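Biologist: Could you take a close look at the aromatic rings in this model, and describe with care what surrounds them?

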Amino acid sequence: MPEIVLGIGTSHSPMLMQPAELWANHALNDQRNKELCFAPTGEIYSFDEALERANPKIADLCNYDIHKKQKENTDAAIAHLAETFRRINPDIAVIVGDDQDEMMFEDNMPAFLVYWGDTIKYYPRKPGPDASEAAKASAAGYPQHEMEIPVVSELGRHIIEYMIDNDFDVSHSKYLRENPGGTVGHRYPHSKGGELETVRVTQPRQFGLPHAWSFLVKRVMDEKPVPIVPIWQNTCYPPNQPTPKRCFEFGRAIRKAIESWGGGNGTRVAVMTSGGLSHFTVDEELDRTAIKGMVDNDADILMNLPRHRLHSAASETLNWVTIAGALEHLQAKEIGYEPVYRTNAGTGGGWGMVEWT
């Protein structure tokens with residue numbers, strides 16, 4: 001039967017693609033960001049409100065010397081994951097990721113979706129001539145040439161059918177739209193009560209494999225991807241986000257589906273994800289709790305991560321919860337974790353790297 005032999009989880013922030021001297025540029029975006037959900041309540045505060053309530057010690061962490069060392073550490077950790085991938089050399093990678101205003105919009109936002117076309121297209125990101133150095137560096141962190149990435153269609157279909165037979169009503173996709181676009185409402189609790197909703201509009205444009213998957217193709221697979229099975233899950237956008245418990249159980253079902261696939265006798269499979277951990281604000285407690293759950297193989301910790309701390313981009317932590325459910329038979333090891341503070345308001349992110357072998 002097929003065997004899952006490797007698990008990889010890594011953050012995929014643009015900061016991980018940029019030199020440390022550009023990290024401070026994100027502070028300007030933080031001041032305009034309407035989705036700054038802060039621990040421990042998970043409520044949205046304005047940047048100015050966050051400054052008033054922030055721990056003053058954070059200011060000591062927002063400097064180039066610290067950022068430079070953190071960038072060195074995260075680069076080394078991702079390089080370690082890439083070396084592990086090359087050494088183990090799996091035949092297939094099943095990759096779990098979330099979509100952020102890329103292919104999925106509110107005309108159809110599935111909680112779980114399995115792609116089973118024969119290939120999936122990737123188009124390079126092309127910053128305009130007037131783009132900032134930060135934008136150019138971010139684009140360079142993804143594959144630089146157009147790719148037709150092979151997909152293990154038979155395994156994708158088997159996972160879909162296994163899920164339907166085992167109480168997971170997954171969506172499926174055989175192809176992606178040529179020029180996707182649409183609107184997504186971003187809905188999070190507000191510190192002043194009620195819910196703040198912002199609507200992001202994405203004009204139709206040429207687009208292919210989204211960032212959660214293509215980051216792994218670039219940084220872990222070195223633009224030489226093995227055949228993949230892409231699995232979408234909606235982590236970011238209420239009201240149909242799966243719970244941590246549901247994600248972990250979905251991961252367990254992914255493992256059972258892979259191992260029951262009759263077409264892959266002897267096939268060696270990696271289960272991977274990218275995204276998270278906490279951002280656009282840093283929640284070290286959430287990050288360290290999630291990593292502990294992975295390293296200790298503690299399903300109870302991961303299934304009970306507090307949902308009110310998984311709003312906005314911190315919700316990508318659910319990707320890790322899902323693959324941890326598929327990797328209970330392997331041992332997780334923390335390869336790196338850096339809580340990166342961009343401003344003294346506490347904005348930034350927890351950038352982590354974990355492998356299961």
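Modeller: In this predicted model, the ring of Tyr45 has the charged end of Arg53 sitting over it, 4.1 Å from the ring centre. A lysine takes part in another such arrangement, with Lys174 lying over the face of Trp116 at 4.2 Å from the centre of the ring.

Turning from charges to pairs of rings, a search of the whole structure finds five aromatic pairs. One of them is formed by Phe112 and Phe250, whose rings are stacked, with 3.9 Å from centre to centre and 25° between the planes; the planes count as stacked because this angle is under 30 degrees. The pair links distant parts of the chain, since Phe112 belongs to strand β5 (residues 112-115) and Phe250 to helix α7 (residues 244-259), 138 residues apart. Phe112 is buried, with a relative accessible area of 8%, and Phe250 is buried as well, its relative accessible area being 0%; both values fall in the buried class because the limit is under 20%. Phe112 and Phe250 also belong, together with Phe168, to one aromatic cluster.

Burial can be followed further in helix α6, which spans residues 211-219 and has seven of its nine residues buried, so that this helix is largely enclosed by the rest of the structure. The buried residues of α6 are His211, Ala212, Trp213, Ser214, Phe215, Leu216 and Val217, and aromatic side chains are represented in that list by residues including Trp213 and Phe215.

Definitions and conventions: Residues numbered from 1 in each chain as written. Predicted model: local features only at pLDDT ≥ 70, side-chain atom pairs only at ≥ 80, totals over all residues. Heavy atoms only, no water. Buried < 20%, exposed > 50% of the residue type's maximum accessible area, 1.4 Å probe, protein only. Helix = DSSP H or I, 4+ residues; strand = E, 2+ residues; numbered from the N terminus. Phe/Tyr/Trp six-rings, centres within 6.5 Å; stacked < 30°, edge-to-face > 60°. Lys NZ or Arg CZ within 6 Å of the ring centre and 35° of its normal.
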